[in-house]
Amino acid sequence: MGLRETSDRHRRFAFWVSSESTRNSVRVLLDEETILAGVASMSAEIRDCYGDTPVTIIGVLTGSVVLLADLIRKLDMPLRVGVIQTSSYEGTSRGKLRVNSELMLDIRDRHVLIVDDIFDTGHTLTEVVSLLGKFQPASVRSAVLLKKTGRKEVDMDPDFAAFDIPDEFVVGYGLDYNDAYRDLPFVAVLESKDLAEHG
Ligand code: 5GP
Ligand code: MG
């Protein structure tokens with residue numbers, strides 16, 4: 001584990017990433033309490049939408065793991081939980097999207113809710129919705145923790161989004177930068193000097 005220092009006054013965190021011994025600073029955008037309140041409020045919206053209808057949750061690995069764990073414990077209806085994996089990022093730029101649905105549950109005639117960490121350009125969610133549609137579910141909706149402002153390149157929106165955020169590269173609460181930072185309990189912006197140094 002890395003050494004962490006915090007300064008409440010500046011809301012700035014500095015810590016060592018143990019695997020690389022690099023020191024990167026991050027600026028907190030959404031603290032833990034704010035995130036949990038947002039997830040609770042999104043789960044209430046989801047509950048209102050489905051009522052007591054059983055739902056099959058499909059989490060998009062790896063970024064959704066933390067949201068998935070918090071969200072399913074707040075949803076008060078019969079649930080099945082499965083995962084698929086997508087990966088498209090190398091550093092902070094999008095590469096070719098890869099989707100692995102081998103671990104997915106049978107979703108035929110089921111009401112499916114896709115859970116992902118962030119809606120950025122929207123290409124990932126659009127492709128996942130279209131892929132799952134081929135398995136003949138009864139319905140497909142989507143929920144994300146974060147939606148970036150002004151980045152959308154597709155003709156769809158997530159059905160549920162806990163927070164709109166500015167167009168900055170964020171990490172924490174499941175979101176990574178080169179596989180680090182997923183464990184942070186808050187969402188933070190990685191300082192651009194660190195992106196430039198390590199991207
Ligand atoms: P999209 O296809 O909507 O452009 O991007 C969606 C995926 O890209 C997300 O599921 C996430 O994995 C990754 N992504 C997009 N923006 C960010 C960001 O600001 N930080 C991190 N860590 N990942 C992001
Ligand atoms: Mg993702």
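Strands E8 and E9, the latter spanning residues 160-165, pair in the parallel sense over five bridges. That pairing is a handy place to start a walk through this model, which is a predicted one. Where the two strands meet, Lys148 stands opposite Ile165 in E9.

**The strands around E8**

E8 has another partner to look at. Eight bridges join it to E7, and E7 and E8 run parallel. If you would like a residue pair to find on screen, try Ile114, whose bridge partner in E8 is Ser142. Between these two strands the chain passes through H3, giving a β-α-β crossover that is right-handed.

How much of strand E8 is buried? Seven of its ten residues, which run from 139 to 148, are buried, so the strand is largely enclosed by the rest of the structure.

Stepping back to the whole protein chain, the secondary structure comes to four helices and eleven strands. Buried residues make up 31% of its 199 residues. Among contacts with a separation of 6 or more, 62% are between residues 24 or more positions apart.

**Helix H2 and its cover**

Helix H2 has its own set of buried residues: Val66, Leu67, Leu68 and Leu71. What lies over them? The cover includes helix H1 (32-50) together with E4, E7 and E8. E7 and E8 thus turn up here again, as part of the cover over H2.

Just ahead of this helix there is a detail worth a look in the backbone. Leu61 and Thr62 are joined by a cis peptide bond, with omega about 5 degrees. Thr62 sits in the loop between strand E4 (55-61) and helix H2 (65-72).

**Backbone angles to check**

Most residues other than glycine have a negative phi, and most peptide bonds are trans. Against that background, two aspartates deserve a glance. Asp109 has a positive phi, near 65 degrees, and Asp179 has a positive phi near 75 degrees.

Where do they sit? Asp109 lies in the loop between strand E6 (93-100) and E7, while Asp179 is found in the loop between E10 and strand E11 (187-190). Is Asp109 buried or exposed? Asp109 is exposed, because its 10 other C-beta atoms within 10 Å fall inside the limit of 12 or fewer. Asp179 also counts as exposed, with 9 C-beta neighbours inside 10 Å.

**Two prolines in loops**

Pro137 is placed in the loop between H3 and E8, and Pro158 lies in the loop between E8 and E9. The table sets out how each relates to a residue elsewhere in the chain.

| Proline | Partner | Separation along the chain | C-alpha to C-alpha distance |
|---|---|---|---|
| Pro137 | Val112 | 25 residues | 6.8 Å |
| Pro158 | Phe119 | 39 residues | 7.4 Å |

Their surroundings can be described in the same way. Pro137 has 18 C-beta neighbours inside 10 Å and counts as partly exposed. Pro158 has 21 other C-beta atoms within 10 Å; it is buried because the threshold is 20 or more.

Leaving aside neighbours within four places in sequence, Pro137 is in contact with Ile107, Arg108, Arg110, Val112 and Leu132. With that condition applied to Pro158, its contacts are Phe119, Leu125, Ser142, Ala143, Val144 and Lys147. Ser142, one of these contacts, is the residue already met as the bridge partner of Ile114.

**The shell around ligand 1**

Finally, let us turn to the ligand. Which residues come nearest to ligand 1? Of the 19 residues around it, these are Asp120, Thr121, His123, Thr124 and Leu175. By class, the shell has eight nonpolar, six polar and five charged residues.

Several elements supply at least two residues each to this shell: strand E5 (79-90), strand E7 (111-119), helix H3 (123-133) and strand E10 (170-171). Which element gives the largest share? That is E7, with four residues. The shell also draws on two domains, with at least three residues from each of domain 1 (9-29 + 168-190) and domain 2 (42-167).

E7 is therefore a useful strand to keep in view, because it is joined to E8 by eight bridges, it helps cover the buried residues of H2, and it gives four residues to the shell around ligand 1.

Conventions:
Residues are numbered from 1 along each chain as its sequence is written. Chains are lettered from A and ligands numbered from 1 in the order in which they are written. This is a predicted model: local features need pLDDT of at least 70, side-chain atom pairs count only at pLDDT 80 or more; totals for chains, interfaces and linings use all residues. A residue is near a molecule or strand if its C-beta atom, placed from the backbone, lies within 6 Å of it. Ala, Val, Leu, Ile, Met, Phe, Trp, Tyr, Cys and Pro count as nonpolar, Asp, Glu, Lys and Arg as charged, and the others, Gly among them, as polar. Domain bounds come from an automatic or database domain assignment. Two residues are in contact if their C-beta atoms, placed from the backbone, lie within 7 Å. Two strands pair if DSSP finds at least two bridges between them. A crossover is right-handed if, with the strands pointing away from the viewer, the path from the first strand over the helix to the second runs clockwise.
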